[in-house]
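Here is a short note for a colleague who is opening this entry for the first time. The points below go from single residues to the nonpolar cores.

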Amino acid sequence: MAFLEKNIAPDMEFEADGPEHQFLALSGDWTVSTIGDAEKLIDKLNIGKDRLTCIDVSKIEHLDTSGAWLIHRTRGRLEFEGRRVGLTGVSPIRQTLFDEIDRHHPPSYRPEKSGFSVAGFLEATGRQMVDAGKDAKAMLHILGSLGLVLSTVLLHPKRLRSISIAVQFDRSCIGAVPIVALMSFLIGAIISQQGGFYLRQFGADIFVVDLAGILVLREIGVILTAIMVAGRSGSAFTAELGAMRMQEEVDALHVIGLSVTEVLVLPRILALMIALPILTFVADMSALFGSGLVTWAYLDIPPAAFLTQLQAAITTETLVVGLVKAPFMALIVGLIACVEGLKVEGSSESLGRHTTMSVVKAIFLVILVDGFFAIFFAAIGV
């Protein structure tokens, strides 16, 4: 019977093919049962590496995923040392195994970093640029799919999952009101205290009202809210979708013929685009309230004078400029959160990494988009 067969110890030997070429011929069993002995042989691979051009696996009796992975990793190490190494003697069945391993883990070997090097810096920069390109492509894919689903929903309104949108709105907006209001109140108070401290030296402490009003309504309110939403709701979206990926629920939706974008992505992004302008307005009012209390207690500016000066300093456009940014920032946060969630693989480490990346990328892009809006509004004179 097969399970009574004795394992054949793995072995390897070098075969020269001219002065510049050398083959590494593997033999025996390269399986999980003999992987320990095989690794010891590989660790001793220090002869003729500068001439090694091919690994011959035709003499291997039994080969499984463990042995194929070890050979794959060895190729990566040798290639890193400067020699292109190929495989020969691979049967069609074994070629399928090697192709599958190569598809998930391209042959590469990265030694431990011993310090800064120009080549290492350029390599890391290149990898990050490639990853950024892949992220941009994934976001455009989700955005295009979202547009297609929206057009379908407009033609067939019954397909809009209103209950799912309401649930996500409750989590993203109503549940976030206390923390957004508290943080904005404190930020408004700090702006007024610091502004009043310096403006008082010039006898211009009344203009702290102008400073707080314009800064909060145009910039601080929407940015602070978007950052908190990215850390709260964005990370939650990534974790939820990532957990569904780990439990193969996303694959199940594909199997039964449902659109992942329609079922999972659209309700979350629509809820977030509705919630963020509301939260931004709440943040603006809370920050102005905190600013008014501080100017009253710290600068002896009564509430009536504060409101009169605030009315003279701001206009409806000032409020609208901040609120207009909110849906776009919500779209960015939602897209990044969903993209990162759908990229999660089958491990908790992957879930944690993509959740962290979701928050970091969302905050970065929110600030970048705010800068573009500032340039745009300055160009049109708003």
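1. Helices here (H or I, at least four residues) are DSSP runs, numbered from the N terminus. This is a predicted model, in which local features need pLDDT of at least 70 and side-chain atom pairs count only at pLDDT 80 or more, while totals for chains, interfaces and linings use all residues. Residues are numbered from 1 along each chain as its sequence is written, and side-chain values use heavy atoms, with hydrogens and water left out.

2. Glutamate 262 sits in helix α9, which covers residues 260-298. Its relative accessible area is 10%, so it counts as buried (under 20% relative accessible area, 1.4 Å probe, protein chains only). When residues up to four places away in sequence are not counted, glutamate 262 touches Val149, Arg159, Arg161 and Pro267, where contact means heavy atoms within 4.5 Å.

3. Threonine 280 also belongs to helix α9, and it is buried, with a relative accessible area of 0%. Leaving aside neighbours within four places in sequence, the contacts of threonine 280 include Gly221, Val222, Thr225 and Leu323.

4. The largest nonpolar core (a set of buried Ala, Val, Leu, Ile, Met, Phe, Trp, Tyr and Cys residues joined through side-chain atoms within 4.5 Å) has 29 residues, and Leu272 and Met329 are among those that touch the most other members. Helices α7 (208-246), α9, α11 (316-342) and α12 (348-379) each supply at least two residues of this core.

5. Apart from that core lies another, of 18 residues, including Met12, Leu24, Leu41 and Ile60.

Terms used: Buried means under 20% relative accessible area, exposed over 50%, partly exposed in between (1.4 Å probe, protein chains only).
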